[in-house]
Structures are given as C-alpha cells and as structure tokens.
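Student: I should like to learn how to read aromatic pairs and backbone angles in a protein model. May we work through an example together?

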Amino acid sequence: MKILVTGGTGFLGRHLVWRAARQGANIVFTGRNPKAAAEVIQYAGVPVHWLTLEHGQPESQAQLCHAAAGAHAVVHCAALSSPWGKREDFERANIASTAEVIAACEKNGVARLIHISTPSLYFGFADRLAIPEDAALPAPANEYVRTKTQAETLVRQALARGALAQAVILRPRGLFGPWDQTVVPRLLRVMQQGRVPLMRTGQQQLDLTYIDNAVDAIWLAATQPLPQACNTYNVSNNEPHTLLYLLQLMADAFALPLRTRRVPWPVISMAARMLELAAHARGGVEPLFTRYSAGVLAFSQTLDVTALQNDLGWQPGVGIHEGIRRHAQWWRAHTAGASR
C-alpha cells in the first residue's frame, strides 16, 4: 500500500511516516527542510522517499501529481500553524496547498484523502466542553483558523463535485510528545524563566493528545472502512484535566519548579491587544504573545471523540501521565545528546 504524506518533516507528519513505514507501507513524504528530511529517513528504518515542494509553483504541482500516482491514500499534514503571520503566507500554506493536494488526488484517482485540520475552529474566547464535530463555529480567531476553515471547505466541495471519492477530516487537539516544538517546549520555557501566569484561576479544563494516539487515528482513517464519503472527527486523549494539574505533571516529569502568578484575563487580553498593535506598527514582527495564544490557555476547551471511537474503533493507547513521562524521557536524552 502506497501512502503520500505532505508535511512529513513536521511533528505529526514524521511520526506518521515512521508508523506507516513500520506497517510495511510504501511511503513518499514532502517537506522543505533537507536536514529534517534526512532525520525522518534515518529514523524510518526502511527506505522512504522524500521530495521538496514550494506550493504555488507549477513544477511543484507536477511533482505532487507524480508522487500521488498509485497511492491508496494521501495524508495532508502540511500547514502553517502559528498564532501570527502574514495573510498571504497562511493562504499559500493552508488553502493553496490543500487545493493542490485535491488536484493531485483527483488526477490519480486516489481512493482516500485524510486532511489534518484543527479544533481551533471551535475557539471563540469562551468555555466549551465536550464539543462535537457539528458544533456551531464562531468567527475565526486569526488567519490560521480562517485559512484552515477554508481548507476544510475545499475538501467538502471536492467531494460534492466528485473530485474525491472519500475524505476524512481530523481535528487533533494539543499534540505533544517526542519532537514536539510547540506545546510543551513553550510551557517549559516559561517555567524555566519565571512564574507561569494563571488566568481565570487555572481550573479551566483542557484536552491534550499524545502523538501516538493521533497517529493511530490517522492510520485507522487511512486503512479502515469509512461510514460515508465525508467524515470529520475530533481527536484528543479523551482525558481532560485542569491547566494547573497539567502544569504540575509537566513540572514533575521535567524536574522543573512550578511557580505561578494569578493574572486576570482582562489584563492579559488588553496587554495582548496592545502588543499586537505595536507589532503591526513595527511591520508585522510577531509579538511576545497574542490574544489567541493566551486565550487557548485561559478558556476551557474539550472535545467529544465519540464519533471516532464508534466509527473507526479508535481508543487512546497512551494516557496523559505516560505520554508526559515518555516526552520527558526523550527530552532528557535529546538535550543531553545535543550538548555533547
């Protein structure tokens, strides 16, 4: 079975490449960073094939179509995931790239597209618990959310016109684990540098997803029978905890002190607005934090994963405690190796 993975040098993409390779699939992955691609190939343990693409260029579209030839499934992980950036960069990375993947699938008659989206679509600066996939969506919080919303629309439109046979849209929440460069590292930096600001008491409920559990969901979406042509699923560890509890777990696992200070959300919100205005005035340089990046820690958000469990038989194989322990173990080995 051949699988094409876009964004195979990223956090989620590389773990999927490694899992699919271990399952005996014929893997082709894309990514723009040669050093990261070499690392992915090294850890795969079996031959996998890499190509670099620059979305929006005709030669890249031709390469993508060639790479998708004979593929049973295409998993579209490539995206620009950031709380800040230029509108055109998000549109190129999240909308144009999705259109190119759909075109490659259509030209090659690929049986199934798995599109990696985001539960940030649900975020609206309000507490929301056990959110189902068909929940009403608030106005997009930023350009990342807007373009990922549009990318989902492109997938559904392609299904409606017959360009795709089947598609699965996955919305994984708060991925963490070895090679994570976002969620846990940012929290660790704050712990190392001083006190972690606790907005709204720190008792807000949050979901995280250990990387292996997200890869399990993708693998099932790529290989198992689907109930319908268009399928949308939330992904999380299905194990909500308060922010304060999660911070304490991480502090214990990474042997760091947890010092906190309470800061009212209105104060953080106003400070973020001022930082964003100043950043725009300086030509768009990313601010220290944005209202969105602070808000995702200030408000409860948990997902209902019943549909994924019922339709594909998915269950989270690695719990939060074990996932954080594994992440910390990898982090210690990785940082020790880097310092030698």
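Tutor: We shall discuss ring pairs, a charge over a ring, and the angle phi. This is a predicted model, in which local features need pLDDT of at least 70 and side-chain atom pairs count only at pLDDT 80 or more, while totals for chains, interfaces and linings use all residues. Residues are numbered from 1 along each chain as its sequence is written, and side-chain values use heavy atoms, with hydrogens and water left out.

Student: How is an aromatic pair described, and how many aromatic pairs are there here?

Tutor: A pair of aromatic rings is described by the distance of the centres and the angle of the planes. Rings of Phe, Tyr and Trp (its six-membered ring) pair if their centres lie within 6.5 Å; planes under 30 degrees apart count as stacked, over 60 as edge-to-face and the rest as tilted. By this rule there are 12 aromatic pairs. One of them is formed by tryptophan 18 and tryptophan 179, edge-to-face, at 4.9 Å centre to centre with 65° between the planes.

Student: Which parts does the pair of tryptophan 18 and tryptophan 179 tie together?

Tutor: Helices (H or I, at least four residues) and strands (E, at least two) are DSSP runs, numbered from the N terminus. Tryptophan 18 lies in helix α1 (residues 11-22) and tryptophan 179 in the loop between β8 (175-176) and α6 (183-193), so the pair joins parts 161 residues apart in sequence.

Student: Is tryptophan 18 buried or exposed?

Tutor: Buried means under 20% relative accessible area, exposed over 50%, and partly exposed in between (1.4 Å probe, protein chains only). Tryptophan 18 is buried because its relative accessibility is 6%. Tryptophan 179, at 13%, is also buried.

Student: Which residues do ring pairs link into a cluster?

Tutor: Phe123, Phe125, Trp265, Tyr292 and Phe299 are linked in this way. A charge sits over a ring if NZ of Lys or CZ of Arg is within 6 Å of the ring centre and within 35 degrees of the ring normal. The charged end of arginine 291 sits over the ring of phenylalanine 125, 3.9 Å from its centre.

Student: What is the phi of tryptophan 179?

Tutor: Most residues other than glycine have a negative phi. Tryptophan 179 has a positive phi of about 80°, although it is not a glycine. Alanine 255 likewise has a positive phi, of about 55°. Alanine 255 is exposed, with a relative accessible area of 68%.
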